[in-house]
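Thanks, everyone, for making time this morning. I would like to walk through one model with you, beginning with the chain as a whole and then moving inward to its packing.

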Amino acid sequence: MASDSDINSLIFDYLNTEGYPSAAAKFSKEANLRPRQEEDSLKARRQIQHAIHTGHIQEAIEALNELEPQVLDSNPSLHFALLRLQLVELIRTCNATPGGDITPALNFATTQLAPRAPTNKEFMEDLERTMALLVFPQDSLEPPLAALLKPELRRTVADRVNKAILTSQSARRDATIRSLVRLRAWAEDTARQSKKDLPVRIELGLDGDEGYSSPGNGSPVNGPEPMIT
């Protein structure tokens, strides 16, 4: 049976790997986990995520190129998404004050996005939609345009960047907790197919195991649905 310490470590690993550093830090404190020395790559990923979440896109791009130079070169869609988000931030800045200078946004769109847009229909549509933010009043934007100025766009791009970094580093895209659950299910299923003498129900060592039913012996009873990955 897994100890509370082992389970807490797996949860901590899940939060970190999936890109929730703040939640991981809070959980670590509440669970009294022993602090671990952070890897340089993890620190860099956190810094990149923070830069995107706070609208400092150029800083994020530079940090990403320093950490994993090939990521943007090999992923034009992600590169365009970051540049488009940078354009959104420039437009947000110039619209923050009446009569704001739109020149930086226009220059950026012309030099960074316009050359890439013709290579992909979606790029062109995204660029046209973003440039519309300069035309229409901010308080009367249609929902598709208003969505560009909401935090969700930053979070979406940050999540894509995080996953791209993990893939480039050949890191586990799934957190350890997911991998162990799949491995355990496979091992138990293999043992049952080999006619090994196993109990009908094998506890996971987690609270709420009462409703667990092992693979091949029916669905969970009075318990949550299994994780789908």
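Let me start from the outside: the protein chain has an accessible surface of about 14500 Å², and 54% of that belongs to carbon and sulfur atoms. Please keep in mind throughout that this is a predicted model. Of the 229 residues in the chain, 34% are buried. As for secondary structure, the chain holds 11 helices and zero strands. If we take the contacts between residues at least 6 apart in sequence, 57% of them join residues that are at least 24 apart.

Now to the interior. The largest nonpolar core comprises 37 residues, and those with the most contacts inside it are Ile52, Leu64, Leu82, Leu87 and Val161. At least two residues of this core come from each of α3, α4, α5, α6, α7, α8 and α10, with α6 giving the largest share, nine residues. To take one of these core residues, Leu64 touches Ile48, Pro69, Val71, Leu72, Leu82, Val161 and Ile165, once residues up to four places away in sequence are set aside.

Apart from this core lies another, of five residues, among them Phe12, Leu15, Phe27 and Leu33. Two of these names return when we look at serine 28, which sits in helix α2, residues 21-30. Is serine 28 buried or exposed? Its relative accessibility is 14%, and because the cut-off for buried is under 20%, serine 28 counts as buried. Beyond its neighbours within four places in sequence, serine 28 is in contact with Phe12 and Leu33.

Let me turn next to a pair of helices, α6 and α8, whose axes are 10 Å apart and which pack at an angle of about 5°. Angles under 35 degrees count as roughly parallel, and α6 and α8 are therefore roughly parallel to each other. On the α6 side the residues that meet α8 are Pro76, Ser77, Phe80, Arg84, Leu87, Val88 and Ile91, while α8 contributes Phe123, Asp126, Leu127, Arg129, Thr130 and Met131.

Finally, α10, which has 18 residues and reaches 26 Å from its first C-alpha to its last, close to the 26 Å expected at 1.5 Å a residue. Which residues of α10 are buried? They are Leu153, Arg154, Val157, Ala158, Val161, Asn162, Ala164, Ile165 and Leu166. It may help to recall here that an α-helix has 3.6 residues a turn, so residues three or four places apart point the same way.

How values were computed. Residues are numbered from 1 along each chain as its sequence is written. This is a predicted model: local features need pLDDT of at least 70, side-chain atom pairs count only at pLDDT 80 or more; totals for chains, interfaces and linings use all residues. Side-chain values use heavy atoms; hydrogens and water are left out. A nonpolar core is a set of buried Ala, Val, Leu, Ile, Met, Phe, Trp, Tyr and Cys residues joined through side-chain atoms within 4.5 Å. Buried means under 20% relative accessible area, exposed over 50%, partly exposed in between (1.4 Å probe, protein chains only). Helices (H or I, at least four residues) and strands (E, at least two) are DSSP runs, numbered from the N terminus. Contact means heavy atoms within 4.5 Å. Accessible areas come from the Shrake-Rupley method with a 1.4 Å probe; for residues, only the protein chains shown count as cover. The expected span of a helix is 1.5 Å times one less than its number of residues. Axes are lines fitted to C-alpha atoms, for helices over the stretch in contact, and angles run from 0 to 180 degrees between N-to-C directions. Angles under 35 degrees count as roughly parallel, over 145 as roughly antiparallel, 65 to 115 as roughly perpendicular and the rest as oblique.
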